[in-house]
Amino acid sequence: MEQLNKIKIPQQIQTEKELDLNSKLKETCPVCGKNTYKKVTILGTDRVVKTMCKCESKAWHEKKEHEEAAEKQERLKKLISNSLMDDKFRESTFENWDFERGSRKMYELGKRYAENFKECKKQGLGLLIYGNAGNGKTYMASCIANELLKRYVPVICISINGLLGRIQKTYNNYGKEAESDILRTFSNADLLIIDDLGTEKSSEWSRSMVYNIIDSRYRSKLPLIITSNLDIKANERYGVLEELYHERTESRILEMCTPVFNTSKSIRLEEAKKKTELLKKILY
């Protein structure tokens, strides 16, 4: 009997725990087909642990990016009080694009820019949209901003006068230190849109501020969109940008932003004509 006890009988029947572990090792993601568990050895003991397949890893990283972008955008909203992000701004989207306010050419350009923004950001590519007053430049820029915000991309859209006014206001309360704080907020924005460049009151201080703003984007290698009523004439060596802001500012703008001439008619003039006709009907 003792001899029988010394004989080792091969154990062919696995325990329930072993069967459960082996079945887990065979589990795969129904989408990508990769294993969702793997065996690891910890302090000499084999363990089966959960792993992220490509699908789960991608979803996790996208969720994290969205959360981080949403946090950035919330900070930007609190810091930039003079933003153009009012009710009128929020209504400007490619989904409800008004072709009387903006041309098809501008619609297609803006939509393509938004759709390919990831690559544009990587390459630091921006736009300088110029043309007659009231012909839909701000409308197009607002549509780009809203499309990117919808995708959790942090965007600041602000008029040059609102921005300079915001900086000036801080001097009374906080001194010069607040100026650098405002400039630093731009590093939180993947895209900065400056509306109506050239409409601000020209002074040495305003020219210096415009340079600092442009230069901060230039050094960060982040994209910039500018709208302006100025007659840019980008092909001329000495243009209106140099006259207003000096050569160093002009060279940075033209290096960062591709000039786009908006040839659309003035929306405001068209609206004024409609109201004039309406008034004639009412009065006469």
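This passage walks through the overall make-up, the largest pocket and the nonpolar cores of a predicted model.

Starting with the broad picture, the protein runs to 284 residues, and 37% of them are buried. Its secondary structure adds up to 13 helices and seven strands. Much of the contact map sits far from the diagonal: among contacts with a separation of 6 or more, 74% link residues 24 or more positions apart. As for the surface, about 18400 Å² is exposed, and 51% of that comes from carbon and sulfur atoms.

Next comes the largest pocket, with a volume of about 580 Å³. Its lining counts 18 residues, and E65, K118, R151, V153 and D190 are the ones closest to the pocket centre. Three elements each give two or more residues to this lining, namely α3 (54–79), α5 (104–115) and α6 (117–123). Helix α3 has the largest share, with seven residues. Sorted by class, the lining comes out as nine charged, seven nonpolar and two polar residues.

Helix α3 is also home to K72. Is K72 buried or exposed, or something in between? Its relative accessibility is 28%, so K72 counts as partly exposed, given that buried means under 20% and exposed means over 50%. Once neighbours within four places in sequence are set aside, K72 is in contact with P154, N188 and D190. D190 has already come up as one of the residues closest to the centre of the largest pocket. V153, another of that central group, is 81 residues away from K72 in sequence, yet the two C-alpha atoms are 8.9 Å apart in space.

That leaves the nonpolar interior. In soluble globular proteins, nonpolar side chains tend to be buried together. Here, the largest nonpolar core has 28 residues, and the members that touch the most others are L192, I194, L197, I214, L224, I226 and L241. Take I214 as an example: leaving out residues up to four places away in sequence, I214 touches I194, L224, I226, T249, R252, I253 and M256. Three of these partners, I194, L224 and I226, are themselves on the list of core members with the most contacts to other members. A second core, separate from this one, holds 25 residues, including L127, L148, V153 and I225. V153 thus turns up in two parts of the picture, as a member of the second core and as one of the residues closest to the centre of the largest pocket.

Notes: Residues are numbered from 1 along each chain as its sequence is written. This is a predicted model: local features need pLDDT of at least 70, side-chain atom pairs count only at pLDDT 80 or more; totals for chains, interfaces and linings use all residues. Side-chain values use heavy atoms; hydrogens and water are left out. Helices (H or I, at least four residues) and strands (E, at least two) are DSSP runs, numbered from the N terminus. Buried means under 20% relative accessible area, exposed over 50%, partly exposed in between (1.4 Å probe, protein chains only). Contact means heavy atoms within 4.5 Å. Accessible areas come from the Shrake-Rupley method with a 1.4 Å probe; for residues, only the protein chains shown count as cover. On a 1 Å grid over the protein atoms alone, a cavity is a set of points where a 1.4 Å probe fits but cannot get out, and a pocket is an open set with protein on both sides within 12 Å along at least five of seven lines; lining residues have an atom within 4 Å of a point. Grid points are joined across faces, edges and corners, and a volume is the space filled by probe spheres set on the points. Ala, Val, Leu, Ile, Met, Phe, Trp, Tyr, Cys and Pro count as nonpolar, Asp, Glu, Lys and Arg as charged, and the others, Gly among them, as polar. A nonpolar core is a set of buried Ala, Val, Leu, Ile, Met, Phe, Trp, Tyr and Cys residues joined through side-chain atoms within 4.5 Å.
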